[in-house]
Amino acid sequence: MKTQAITFTGHDGSQLAARLDLPEGEITATALFAHCFTCSKDIPAARRIAQRLAQRGMAVLRFDFTGLGHSEGEFANTNFTTNVADLILAAQALEERFAAPQLLVGHSLGGAAVLKAAGKIPSARAVATIGAPFDPAHVAHNFGAKVKEIEEAGGAQVDLAGRPFTICKHFLDDIAAQEMKPAIADLNKALLVLHAPLDDVVGIENAGDIFTAAKHPKSFVTLDDADHLVTRQADAEYAADTILAWVARYVDLAAEPVTKAAPDGAVHVSEADAKGFLQDVNIAGRHAYLADEPRAVGGADLGPTPYQYLSAGLGACTTMTIRMYARHKGYPLDHVAVDVYHDKRHIEAMEGDGAKAAKEDVFRRDIHVTGDLTEQQRADILKIADKCPVHKTLHGTAVVETNLLD
């Protein structure tokens, strides 16, 4: 994914900061992403969803609403109506650069905003909401006891997610005046509602109200135990993949990205998350996998570790070798499986006059075979396991040649 930093003019003339996430190849469709209340365009869920959409050929614009993130303007002067106005202007900015958005995605209050703005963005064919409130006035519960002070004094400072924001009475008046049901009923676009049943910020009943108010085509998908901000990467991945699978009926998507095979059938590995360890693994342009590290060491645990892949290679090669040998010999082998364990053991390496502590890699294979096999046949199978090519590679001398390319 390529990302461009751009700006466009918001509803009050302020310059709004945006990121335009672009596919590596041809742009087949465009999308607009609206973030949650007081958040920014750079929250992890927005980044990952935009990345997945871009991988399938979509140009995705995500931006900071007036007074938030890197955008100019005063947050205290904004409200739900101004957010909707900014969204419409963002759609126009996307149209000026590529094409008007065909997909609108909104998270939390941003989801309510895209539902309200969709009628004024005729290019949009599909709308997806994530943890969106049916009534924008729902956000007022975040202000707690400050609501009375806001109403009486005209405004008050409210602590939201550890940061101070000034909320004015016009904000409360604006969200209280919103009528969402007619806008949702007249959406005239495909709708996908994503919501977590355990969302303790915006309750699941909001998803039911949105879904009930909408006309077909409409779909609802649960996000299970995801939190409101979809902070876990696995949940963001699931939301992104769900949106892609659904929206493919309404917009043109590029084929799943593949890496062109090198002359020798290269395995291509590239970062999927520069802030963690998640890697996209593509083998010969035909097979795609993820590699990661456990959470305990800073990963997201979304895929096997490199050593687990190495163990898998040894295990797969072992069972294949045994099957090929048994087939050649006509042995009555019904099934073979292997458990591979990897560990680093301390050894004492002698160098000169003293001993030096060192480690060696130890792979333990527990081979399970079933079938009416004789003791001699079982012994032969155990012996042939050591003839597995990967086993030989691990026992032999491997040369790794490294080139640094642009």
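Student: Over which residues does pLDDT stay under 50?
Tutor: Keep in mind that this is a predicted model. Where pLDDT is low, the predicted coordinates should not be read in detail. The stretch in question has five contacts beyond four places in sequence in the model. The residues where pLDDT stays under 50 are 259–263.

Student: And what is the mean pLDDT of the protein?
Tutor: Look at the share of residues that reach 70 or more: that's 94%. The mean pLDDT itself is 89.

Student: Is the protein a compact globule or more spread out?
Tutor: We've got 11 helices and 15 strands here. For 406 residues the globule rule gives 22 Å, and the radius of gyration, at 28 Å, is well over that, so the answer follows from the comparison. The C-alpha atoms fill a box of roughly 90 × 55 × 45 Å along the principal axes. Against the globule rule, then, the protein is more spread out.

Student: What percentage of the residues are buried?
Tutor: Buried here is under 20% relative accessible area. Count over the 406 residues of the protein with that cut-off, and the buried ones make up 46%.

Student: In what order do the strands of the open sheet run?
Tutor: Eight strands take part, and their pairing is mixed. Strand 1 (2–9) and strand 10 (218–222) have a single partner strand each, so they stand at the edges, with one side lacking a neighbour in the sheet. On average, neighbouring strands are turned by 20° against each other, direction ignored. Reading across, the order is 1-2-4-3-5-6-9-10.

Student: Which residue stands opposite Leu194 in strand 10?
Tutor: Strand 9, residues 190–195, pairs with strand 10 over five bridges, in the parallel sense. Within that pairing, the residue opposite Leu194 is Val221.

Student: At the other edge, which residue in the turn between strand 1 and strand 2 has a positive phi?
Tutor: These two strands run antiparallel and are joined by eight bridges. One bridge pairs Thr9 with Gln15 of strand 2. The strands form a hairpin with five residues between them, and the turn residue with a positive phi, about 90°, is Gly13.

Student: Which helix contributes the largest share of the largest nonpolar core?
Tutor: That core has 57 residues, and Phe37, Phe63, Leu87 and Phe143 have the most contacts inside it. Eight of the core residues come from one helix, spanning residues 80–97. That helix packs on the sheet, touching strands 1, 2, 3 and 4, at about 125° to the direction of strand 1. The largest share comes from helix 2.

Student: Which residues does Phe143 touch, leaving out those up to four places away in sequence?
Tutor: Nonpolar side chains tend to be buried together in soluble globular proteins. Phe143 is one of the residues with the most contacts inside the core. The ones Phe143 touches are Phe37, Ile150, Val158, Leu160, Ile167, Phe171 and Leu172.

Student: How many residues are in the other core?
Tutor: This one lies apart from the 57-residue core. Among its members are Cys39, Leu103, Ala190 and Val247. The total is 34 residues.

Student: Last one: which residue of strand 13 stands opposite Ile283?
Tutor: Strand 12 (residues 279–283) runs antiparallel to strand 11 (residues 267–271), with five bridges, and Glu271 stands opposite Gln279 there. Strand 12 also pairs with strand 13 (residues 287–291), again antiparallel and over five bridges. Opposite Ile283 in strand 13 is His287.

Methods: Residues are numbered from 1 along each chain as its sequence is written. This is a predicted model: local features need pLDDT of at least 70, side-chain atom pairs count only at pLDDT 80 or more; totals for chains, interfaces and linings use all residues. Side-chain values use heavy atoms; hydrogens and water are left out. Two strands pair if DSSP finds at least two bridges between them. Helices (H or I, at least four residues) and strands (E, at least two) are DSSP runs, numbered from the N terminus. Axes are lines fitted to C-alpha atoms, for helices over the stretch in contact, and angles run from 0 to 180 degrees between N-to-C directions. Contact means heavy atoms within 4.5 Å. pLDDT is the predictor's confidence in each residue, from 0 to 100. A nonpolar core is a set of buried Ala, Val, Leu, Ile, Met, Phe, Trp, Tyr and Cys residues joined through side-chain atoms within 4.5 Å. Buried means under 20% relative accessible area, exposed over 50%, partly exposed in between (1.4 Å probe, protein chains only). The radius of gyration is taken over C-alpha atoms; the globule rule is 2.2 Å times the number of residues to the power 0.38.
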